Amino acid sequence: MASAERTGRSHMTLQSSGALPQIEITGSDLTIEQVVQVAHQGAGVILAPVVAEQMATGRQILEEAIARGERIYGATTSVGPRTSASLSPEHIAEFSKRLLRTHHVGHGPEASQNIVRATLCVLLNALASGRTGARMQLAQILVDALNQNKPVVMHLWGSMGQSDMSAMADIGLALFQDCELAAGEALAILNSSALATGMAAISYSALHGILRFATSVAAVSMDGFAANPSIISNTALESRHFSGAHIHGAALRTELDGSYLFEKEGPRNHQDPLCFRALPLIHGAADDSLTFAGQQIAQELNSAQCNPVISLEHRTLAATANFDMVTLCMALDVMRQAFTPVLTSATERVAKMVDTTWSGLPIGLIEDDGIGAPGFNGVALFHKSITSEARLLCAPLAGELASSSHSNAVMDRASLAVLGARRALELHTLARSIISMELMVAAQAIDMRGQKPLGKGTRQLYEFTREVVPFASGASGIPDVRRLMDHLDNAESTALADWTTEQNGTAYAAPRPQRM
């Protein structure tokens with residue numbers, strides 16, 4: 001199973017910021033798209049003018065509460081099993097250092113710098129809100145780290161989803177070692193779930209893109225299988241009142257516009273296998289689920305994750321469990337589970353195209369030359385293997401609990417949101433291979449069938465594939481799908497979204513590989 005660390009390094013290469021505008025951080029309106037720009041494209045950040053006032057107000061509220069002698073978790077008291085211990089003002093700086101060090105236990109896979117940048121961006125936004133009581137000095141250190149692209153070693157293991165303390169300790173010691181932390185600031189760093197939230201934003205963007213591309217590839221498979229296009233007729237689509245089905249049905253129709261499938265003798269079957277016949281429903285349901293997950297992630301980006309939390313409006317503090325990432329973990333669960341039917345159907349389409357019983361084409365999509373090789377059958381078997389692995393990554397995590405006895409049994413919940421985000425990134429890596437292999441098989445099926453014309457969109461994607469993956473004969477062997485995946489990556493770095501279809505007021509922007 002591919003690790004999130006390898007996913008980050010292999011397919012999330014930091015690009016030059018170029019002409020990208022700097023992202024203005026306000027503490028209240030950070031978006032998924034902005035996190036992706038900072039993480040993947042090297043966009044810089046600036047603090048909005050309002051941030052100085054917010055952070056100064058938050059700090060003043062906290063210091064006034066300290067002066068009144070209030071017991072404030074992590075500011076005037078210790079934490080965890082030692083919450084009852086009071087902190088002396090003269091020991092705050094040393095306590096802060098030790099608090100970071102005692103949680104600095106991370107090891108295992110290191111996050112890519114893309115993931116680190118996403119984490120820093122989310123943490124910066126949280127501090128900028130003023131709700132943690134941190135000083136402007138800490139925010140400026142994070143701004144400098146992002147704009148200078150400072151490398152930070154951050155580990156992916158160790159988060160229970162009740163804040164990402166081990167990973168945040170990595171950041172705290174890497175960036176704030178030379179800064180004397182004031183009361184409450186060490187906890188403001190540790191109590192953040194910025195790793196989980198940043199990774200969630202990255203994984204949402206990645207899976208959203210691969211779903212759109214999967215629909216384009218499925219249209220190529222329809223041309224290769226000679227599938228029945230009645231599933232994307234107005235009669236069919238208007239009978240389902242789900243926006244995702246309309247979006248992906250309209251996208252399939254655009255891809256297949258002009259295809260031989262719409263001719264009287266085009267489709268071979270009245271009732272295709274469900275992996276073809278239910279395409280708009282399967283991909284549409286995934287899109288609707290991703291939309292929900294994206295809304296939850298967007299909310300989490302600007303929600304307070306700290307304990308205690310400061311209200312600038314009411315000038316009060318409250319003890320909370322804002323670090324509990326149950327909402328984020330459930331959103332990630334929904335996002336991953338949405339891909340189970342998408343990927344299962346993809347592997348079934350590959351199996352149907354390779355199987356002469358279903359496709360009506362030669363066994364293994366290779367003309368028999370008397371040698372007896374099984375052709376693309378081995379591809380279908382490999383395809384099933386990685387699809388099975390991908391399905392295992394889709395299992396929900398929100399109900400998991402490693403232990404209920406930590407910190408005098410106070411920490412009796414766990415959300416495992418970081419693990420959910422890691423699995424989403426691993427799922428994206430496998431999905432890229434699964435969909436790319438389907439495209440390679442579909443192109444072979446199109447050549448073996450020899451039916452023309454293809455759809456306007458499917459023809460472009462077929463020709464794009466044939467630029468690097470040749471037609472396979474018995475003697476030539478099976479092409480290496482990695483060449484196609486590299487070709488797709490190169491296309492993604494230029495322009496992948498060159499067309500938009502409007503269906504019921506909803507825009508569908510599908511990745512369309514361009515000729516280099």
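Here is a friendly exchange between a trainee and a mentor about a predicted model of a protein chain.

Trainee: Let's start with the overall make-up. How many helices and strands does the protein chain have?

Mentor: Remember that we are looking at a predicted model. Of the 516 residues in the protein chain, 55% count as buried. Its secondary structure comes to 21 helices and six strands.

Trainee: What percentage of the contacts in the protein chain with a separation of 6 or more is accounted for by residues 24 or more positions apart?

Mentor: Leu-454 gives a nice example of two distant stretches of chain meeting, as its C-alpha atom is 7.1 Å from that of Leu-256, 198 residues apart along the chain. For the contacts with a separation of 6 or more, the share from residues 24 or more positions apart is 78%.

Trainee: Where does the largest nonpolar core lie with respect to the domains?

Mentor: The largest nonpolar core has 155 residues, and those with the most contacts inside it are Ile-25, Leu-124, Met-222, Met-335, Phe-339, Leu-343 and Phe-376. Both domains give residues to this core, so it lies between domain 1 (23-191) and domain 2 (200-401 + 412-499).

Trainee: Phe-376 is on that list. Which loop residue with a positive phi does Phe-376 contact?

Mentor: Leaving aside neighbours within four places in sequence, Phe-376 is in contact with residues including Val-354, Gly-364, Leu-365, Met-440 and Ile-478. One of these, Leu-365, sits in the loop between α16 (356-359) and α17 (377-392), and is buried, with a relative accessible area of 0%. Phi is near 60°, a positive value in a residue other than glycine, in Leu-365.

Trainee: Ala-226 also has a positive phi. Is Ala-226 buried or exposed?

Mentor: Ala-226 is found in the loop between α9 and α10 (234-237), and its phi is near 60°. The cut-off for buried is under 20% relative accessible area. At 1% relative accessibility, Ala-226 therefore counts as buried.

Trainee: Now for the empty space. What is the volume of the largest cavity?

Mentor: The count comes to five cavities of 30 Å³ or more. The largest cavity is lined by 16 residues, with Ala-126, Thr-132, Ser-303, Ala-304 and Gln-305 nearest its centre. Its lining divides into six nonpolar, nine polar and one charged. The space in the largest cavity is about 150 Å³.

Trainee: Which helix gives the largest share of the lining of the largest cavity?

Mentor: Domain 1 (23-191) and domain 2 (200-401 + 412-499) both give residues to this lining, so the largest cavity lies between them. The largest share, three residues, comes from helix α5 (residues 113-128).

Trainee: And what is the make-up of the lining of the second largest cavity?

Mentor: The second largest cavity has a volume of about 90 Å³. Of the 14 residues that line it, the closest to its centre are Tyr-73, Thr-132, Gly-184, Asn-307 and Pro-308. Both domains give residues to the lining, so this cavity too lies between domain 1 (23-191) and domain 2 (200-401 + 412-499). The lining divides into ten nonpolar, four polar and no charged.

Trainee: What kind of peptide bond joins Asn-307 and Pro-308?

Mentor: Pro-308 lies in the loop between α13 and β3 (309-311). Omega of the bond from Asn-307 to Pro-308 is about 0°. The peptide bond is cis.

Trainee: The bond from Lys-452 to Pro-453 is also cis. Which residues does Leu-454 contact?

Mentor: Pro-453 has its place in the loop between α19 and α20, and Leu-454 lies in that loop too. At 8% relative accessibility, Leu-454 counts as buried. Leaving aside neighbours within four places in sequence, its contacts are Asp-223, Gly-258, Ser-259, Ile-446, Arg-459 and Tyr-462.

Trainee: One last helix. Which helices do the buried residues of α7 pack against?

Mentor: Nine of the eleven residues of helix α7 (residues 165-175) are buried, so α7 is largely enclosed by the rest of the structure. Among the buried ones are Met-168, Asp-170, Ile-171 and Leu-175. They pack against α4 (92-102), α5, α6 (136-147), α8 (185-190) and α9 (194-225).

Key: Residues are numbered from 1 along each chain as its sequence is written. This is a predicted model: local features need pLDDT of at least 70, side-chain atom pairs count only at pLDDT 80 or more; totals for chains, interfaces and linings use all residues. Side-chain values use heavy atoms; hydrogens and water are left out. On a 1 Å grid over the protein atoms alone, a cavity is a set of points where a 1.4 Å probe fits but cannot get out, and a pocket is an open set with protein on both sides within 12 Å along at least five of seven lines; lining residues have an atom within 4 Å of a point. Grid points are joined across faces, edges and corners, and a volume is the space filled by probe spheres set on the points. Helices (H or I, at least four residues) and strands (E, at least two) are DSSP runs, numbered from the N terminus. Ala, Val, Leu, Ile, Met, Phe, Trp, Tyr, Cys and Pro count as nonpolar, Asp, Glu, Lys and Arg as charged, and the others, Gly among them, as polar. Domain bounds come from an automatic or database domain assignment. A nonpolar core is a set of buried Ala, Val, Leu, Ile, Met, Phe, Trp, Tyr and Cys residues joined through side-chain atoms within 4.5 Å. Buried means under 20% relative accessible area, exposed over 50%, partly exposed in between (1.4 Å probe, protein chains only). Contact means heavy atoms within 4.5 Å.
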